[in-house]
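Hi there,

Here is the structure I promised to pass on. Could you load it and keep it open while you read my notes below?

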Amino acid sequence: SSAGALSQLSRRVRGVMARRLFQPKRIPVAILQAYFLITLCGAWMWAFGMFWTFMVLELPKDLGPYSQMSSLSMFMHRAFPMRETNDTAFEFKIDHVLIMAIVVAVLLMSWQPTRNEILSKADKETIKAKRKIKPKK
């Protein structure tokens, strides 16, 4: 029964209070984390733009008119085309930075543990604690 499982859960996690999902004290920290992630993604896009410009535009110029593009240059030219600038520069907007920051934030989040996972973790911890207490013969 679910009532029995809840009482069993409360007995196993004595003294541990559940964390609230929303805590007003965490708002400043969350805002700082969001700005840091946006800054980090903006720096990443800028560095990627510089790398793209070097690989797609500058390297073939340096190798001469009769050379072929390297395989990485060809991949970057095909995978990340810049049709808006006619392949003369890598440009991105704040939309791209925000989208990347959202994707990175979602990738960094973790699933909340289920009741069963919490119970099994508590079981493992009690077994581990009993092993430490048990005297060796």
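What pattern does the chain follow when read along the sequence? The answer is α-α-α-α-α, and the secondary structure comes to 5 helices and 0 strands. Please bear in mind that this is a predicted model.

On confidence, the mean pLDDT of the chain is 82, with 82% of its residues reaching 70 or more. Confidence is lowest in helix H1, residues 2-12, where the mean is 54. At the other end is H4, where confidence is highest, at 92.

A few totals for the chain may be handy for you. Of its 137 residues, 17% are buried. The exposed surface comes to about 12,200 Å², and carbon and sulfur atoms supply 64% of that area. Among contacts with a separation of 6 or more, 65% are between residues 24 or more positions apart.

Now for the helix packing, where H2 (residues 27-63) appears twice.

H2 with H4: helix H4 covers residues 94-108. The two helices pack at an angle of about 120°, and their axes are 9 Å apart. Their crossing is right-handed. From H2, the contact uses Leu37, Ile38, Cys41, Gly42, Trp44 and Met45; from H4 come His96, Val97, Leu98, Met100, Ala101, Val104 and Ala105. By type, the residues of this contact are 11 nonpolar and 2 polar, with no charged ones.

H2 with H3: here the angle is about 115°, again with axes 9 Å apart. The crossing of H2 and H3 is left-handed. H2 contributes Phe48, Phe51, Trp52, Met55, Val56 and Leu59, while H3 brings Leu72, Ser73, Met76 and His77. This contact divides into 8 nonpolar and 2 polar residues, and no charged ones.

One residue from that second list deserves a visit of its own. Is histidine 77 buried or exposed? Histidine 77 counts as buried because its relative accessible area is 18%, under the 20% cut-off. This histidine lies in helix H3, residues 71-79. If you set aside its neighbours within four places in sequence, histidine 77 is in contact with Val56, Met69 and Asp87. Val56 is also one of the H2 residues in the contact with H3.

Asp87 takes us to the loop between H3 and H4, where aspartate 87 is found. Which sign does phi of aspartate 87 have? Phi is positive, near 55°, in a residue other than glycine. Asparagine 86 is found in the loop between H3 and H4 too, and has a positive phi of about 60° although it is not a glycine. Values like these catch the eye because most residues other than glycine have a negative phi.

How do these loop residues stand in accessibility? Asparagine 86 counts as exposed because its relative accessibility is 64%, over the 50% cut-off. Aspartate 87 has a relative accessibility of 24%, so this residue counts as partly exposed.

If you want a short tour in your viewer, you could begin with H2 and H4, which cross in a right-handed way, then go to H2 and H3, which cross in a left-handed way, and finish at histidine 77 with its contact to Asp87.

Happy browsing, and best wishes!

Technical notes
Residues are numbered from 1 along each chain as its sequence is written. This is a predicted model: local features need pLDDT of at least 70, side-chain atom pairs count only at pLDDT 80 or more; totals for chains, interfaces and linings use all residues. Side-chain values use heavy atoms; hydrogens and water are left out. Axes are lines fitted to C-alpha atoms, for helices over the stretch in contact, and angles run from 0 to 180 degrees between N-to-C directions. Helices (H or I, at least four residues) and strands (E, at least two) are DSSP runs, numbered from the N terminus. A crossing is left-handed if the near helix is turned anticlockwise from the far one by less than a right angle, and right-handed if clockwise. Contact means heavy atoms within 4.5 Å. Ala, Val, Leu, Ile, Met, Phe, Trp, Tyr, Cys and Pro count as nonpolar, Asp, Glu, Lys and Arg as charged, and the others, Gly among them, as polar. pLDDT is the predictor's confidence in each residue, from 0 to 100. Buried means under 20% relative accessible area, exposed over 50%, partly exposed in between (1.4 Å probe, protein chains only). Accessible areas come from the Shrake-Rupley method with a 1.4 Å probe; for residues, only the protein chains shown count as cover.
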